[in-house]
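Q: Please take a close look at how individual residues are placed in this model, beginning with the backbone and ending with the surroundings of the bound molecule. I would like one connected account rather than a list.

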Amino acid sequence: MSQITFTDRVVAITGAGRGLGREHALDLARRGAAVVVNDLGGTGAGSGSSTSAADEVVAEIRAAGGRAVANYDSVSTRAGGRAVTECAMDSFGRLDAVVNNAGFLRNKVFEDLEDAELDDIVDVHLKAAFYVTQPAYRVMQSQGYGRIVFTSSASGAFGSPEQTNYGAAKAGLLGLTNCLAWEGHRHGVLVNAVLPTAAGTRLTKEMSQEWFDEMVGPLPLDTGILAPAQDPSYVTPLVVYLASEQNTATRGFYSATGGRFAKVVTAVTHGWFGPLERPATAEEIAGHFTEIESDEQGYYLPQSVIDESRPVLAHRLQQPGPASVGA
Ligand code: NAD
């Protein structure tokens, strides 16, 4: 297995002053990357600012002989996002990979969610991904090389209570990954998303015990066994690989939880075919809902919007559909 190194590579990581981002920054620097350590340094709920979080990580990297520079801008603004790329270009002259990681929580039941809690969460998780990545992408496009990693969440892919704002923003990142990957691959820019789990970060401390009990309650085992593998360092290897030159995958969503790494896929059932000569009725939908919902033949995994329609066309032309994948 060849060593994964980042010699002469420049990587920017947002929210790298604490938690997962800090761990990513330290490992990337150890592997030779020059690192832009972005962090606003605010409170756990996303208010205020401080230079200390980013400064401490930069000092740690430099003390170990690595190269790093701090950036304190909020990625929630267009100007702040642009400043991350400007910092990389001014300090190191290029930008090879971006890890979009900054964020915080504002958990609340849906009926009580206020505009500020919706806006702040969409800004820091979803819009920031555009603000940070667009300037970086333009640089990568001109270089003909780039790696982009978005930090999504199981909350967006699978759902969790009291996180409609957060889950919607994180699911938005999956859409961004899907679409940008299609544009980026022509320019050597690969785009993927990670769905991490790491206990003990400030963000996870924002989760209420009530919420946690609701989530882990039904598990038929002692969740304490996973504790060591809940450290942020158990997520970092996946992010480092996806940010590296060795990675050739794009448009992927990858889960890192409890030391298990797995691909998350969006599957489509083979479904029920209504009549072609007229629209199906709502009653027919009700009558065939079981076939629509699940399919004993398995599912298929479209790679694009066109791909999703391919089996429909094949069926209508009386040709065989795609091979089944999964169960
Ligand atoms: P954390 O709170 O430890 O670290 C997040 C960092 O982002 C903080 O240092 C904070 O100052 C910084 N930040 C917040 N707003 C910012 C802004 N506007 N601009 C720049 N920096 C900002 O949290 P974490 O657990 O390490 O989470 C990192 C990412 O992983 C987040 O996007 C989070 O949603 C995601 N995530 C975490 C988990 C988990 O289990 N920890 C699960 C799923 C997704």
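A: R251 has a relative accessible area of 18% and is therefore buried, since the cut-off for that class is under 20%. The model is a predicted one, and what follows describes it as such. R251 is placed in the loop between α9 (236–242) and β7 (252–257), and its phi is positive, at about 60°, although the residue is not a glycine. That value deserves attention because most residues other than glycine have a negative phi. A positive phi, of about 65°, is also found at D8, again a residue that is not a glycine. D8 belongs to the segment before β1, and its relative accessible area of 59% makes it exposed, because exposed means over 50%. The positive phi thus occurs at a buried residue in the case of R251 and at an exposed one in the case of D8.

Helix α9, which bounds the loop of R251, contains P237. At 44% relative accessibility this proline counts as partly exposed, and its C-alpha atom lies 12 Å from that of R31, although 206 residues separate P237 from R31 along the chain. Another proline, P161, occupies the loop between α5 (154–158) and α6, where a relative accessible area of 25% makes it partly exposed. For P161 and D96, a separation of 65 residues in sequence goes with a C-alpha to C-alpha distance of 37 Å.

Moving from these residues to the interior, V69 sits in strand β3, which covers residues 67–71, and it is buried, at 17% relative accessibility. Once residues up to four places away in sequence are set aside, V69 touches V35, V36, V37, V58, R62, C87, S91 and F92. Its C-alpha atom is 25 Å from that of Q246, a residue 177 places away in sequence. T14, in the loop between β1 and α1, is also buried, with a relative accessibility of 2%. Leaving out neighbours within four places in sequence, the contacts of T14 are with N38, V75, V99, N100, N101, A102 and V132.

In soluble globular proteins, nonpolar side chains tend to be buried together, and this model can be read with that in mind. The largest nonpolar core has 40 residues, and L95, I148 and F150 are the ones that touch the most other members. At least two residues of this core come from each of β1 (10–13), β2 (34–38), α3 (78–92), α4, β5 (146–151), α6 and β6 (189–196). The greatest contribution is that of α4, with 10 residues. For F150, the contacts beyond four places in sequence are N100, A129, T133, L173, L176, T177, L180, V191, N192, A193 and V194. Apart from this core there is a second, separate one of 32 residues, with I4, A29, V37 and A54 among its members. V37 thus appears both in this second core and among the contacts of V69.

The remaining part of the account concerns the ligand. There are 31 residues around it, and those that come nearest are L20, D39, N101, Y166 and T201. One of these, N101, was already named as a contact of T14. The shell comprises 10 nonpolar, 16 polar and 5 charged residues. Four helices, α1 (19–30), α4 (115–143), α6 (164–184) and α7 (202–205), each provide at least two residues of the shell, and α7 gives the most, with 3 residues. Accordingly, α4 and α6 each supply at least two residues to the shell and also at least two to the largest nonpolar core.

At the level of single atoms, an N or O atom in the side chain of Y166 is 2.5 Å from an oxygen atom of the ligand, while an N or O atom in the side chain of S74 is 3.1 Å from a ligand nitrogen. R202 takes part through its backbone, a polar atom of which is 3.5 Å from an oxygen atom of the ligand. Taken alone, the ligand exposes 830 Å², and the protein buries 96% of that area.

How values were computed
Residues are numbered from 1 along each chain as its sequence is written. This is a predicted model: local features need pLDDT of at least 70, side-chain atom pairs count only at pLDDT 80 or more; totals for chains, interfaces and linings use all residues. Side-chain values use heavy atoms; hydrogens and water are left out. A residue is near a molecule or strand if one of its heavy atoms lies within 4 Å of it. A polar contact is a pair of N or O atoms within 3.5 Å; within protein, one must be able to donate a hydrogen and the other to accept it, and residues adjacent in sequence count only if both atoms are side-chain atoms. Accessible areas come from the Shrake-Rupley method with a 1.4 Å probe; for residues, only the protein chains shown count as cover. Ala, Val, Leu, Ile, Met, Phe, Trp, Tyr, Cys and Pro count as nonpolar, Asp, Glu, Lys and Arg as charged, and the others, Gly among them, as polar. A nonpolar core is a set of buried Ala, Val, Leu, Ile, Met, Phe, Trp, Tyr and Cys residues joined through side-chain atoms within 4.5 Å. Buried means under 20% relative accessible area, exposed over 50%, partly exposed in between (1.4 Å probe, protein chains only). Contact means heavy atoms within 4.5 Å.
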